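The following exercises concern a predicted model of a protein with a ligand. Please study the sequence and the structure before working through each solution.

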Amino acid sequence: MASIFTRIVNGEIPCYKIAEDDRFFAFLDINPMTKGHTLVIPKREVDYIFDLTNDEVADMMVFAKKVAAAVEQAMPCKRIAVAVLGLQVPHAHIHLVPINSENDVDFKHEPLHLSPETFAEIQQKITSKL
Ligand code: AMP
């Protein structure tokens with residue numbers, strides 16, 4: 001069965017899309033730690049990030065770099081934190097999280113609860129910087 005992220009890429013499940021190319025896709029995390037929290041995934045469905053090919057790992061990070069630059073411009077912050085866990089969704093993904101302190105990137109914290117309008121506004125701000 002296709003992963004939830006493959007279903008997002010295929011348009012079967014809605015998302016707040018940020019960017020895509022032929023191999024990678026970025027969209028807002030639905031349970032954000034901070035405003036602008038974005039996930040970057042390979043379109044090819046592979047569970048564990050280090051099971052991707054060398055080229056895929058390298059090129060996904062270059063794709064993430066472009067997305068991170070747009071997130072940083074849209075959501076002023078000290079840094080874009082980069083994290084890989086992959087314990088919930090078995091489809092490799094990189095978390096990009098705008099942070100001002102290390103407390104902003106705590107996966108045990110209650111996520112922000114944002115309205116659809118706020119998600120759409122964040123999406124618009126980030127995509128306008130790409
Ligand atoms: P992890 O696998 O532990 O790195 O976490 C998976 C991440 O995917 C979590 O931050 C979830 O909030 C996020 N997530 C799960 N389903 C969706 C979805 N349908 N749209 C956007 N983000 C999602």
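**Exercise 1.** How do the residues of the shell around the ligand divide into nonpolar, polar and charged?

*Solution.* Begin with the number of residues: 16 surround the ligand. Next, sort them by class: ten are nonpolar, five are polar and one is charged. Finally, identify the closest residues, which are D29, N31, Q88, H93 and H95.

**Exercise 2.** Determine which atoms of D29, Q88 and H93 approach oxygen atoms of the ligand.

*Solution.* Take the side chains to start with. In D29, a side-chain N or O atom is 2.5 Å from an oxygen atom of the ligand. In H93, a polar side-chain atom lies 2.6 Å from a ligand oxygen atom. Then turn to the backbone: an N or O atom of the Q88 backbone lies 2.9 Å from an oxygen atom of the ligand. Each distance can be compared with the cut-off for a polar contact, a pair of N or O atoms within 3.5 Å.

**Exercise 3.** Where does the ligand sit, and which element supplies the largest share of the shell around the ligand?

*Solution.* The ligand occupies the largest pocket. As for the shell, α1 (4–9) and β2 (24–28) each contribute at least two residues. The largest share, three residues, comes from α1.

**Exercise 4.** Describe how strand β1 and strand β2 are arranged.

*Solution.* First, establish the pairing: β1 (residues 17–20) pairs with β2 in the antiparallel sense, over three bridges. Second, examine the connection: the two strands, β1 and β2, form a hairpin with three residues between them. Third, locate a facing pair: E20 stands opposite F25 in β2.

Methods. Residues numbered from 1 in each chain as written. Predicted model: local features only at pLDDT ≥ 70, side-chain atom pairs only at ≥ 80, totals over all residues. Heavy atoms only, no water. Near = heavy atom within 4 Å. Polar contact = N/O pair within 3.5 Å; in protein donor to acceptor, adjacent residues only side chain to side chain. 1 Å grid on protein atoms, 1.4 Å probe; cavity = no way out; pocket = protein on both sides within 12 Å on 5 of 7 lines; lining within 4 Å. Sits in = over half its atoms within 2 Å of the grid points. Helix = DSSP H or I, 4+ residues; strand = E, 2+ residues; numbered from the N terminus. Nonpolar A, V, L, I, M, F, W, Y, C, P; charged D, E, K, R; others polar. Pairing = 2+ DSSP bridges.
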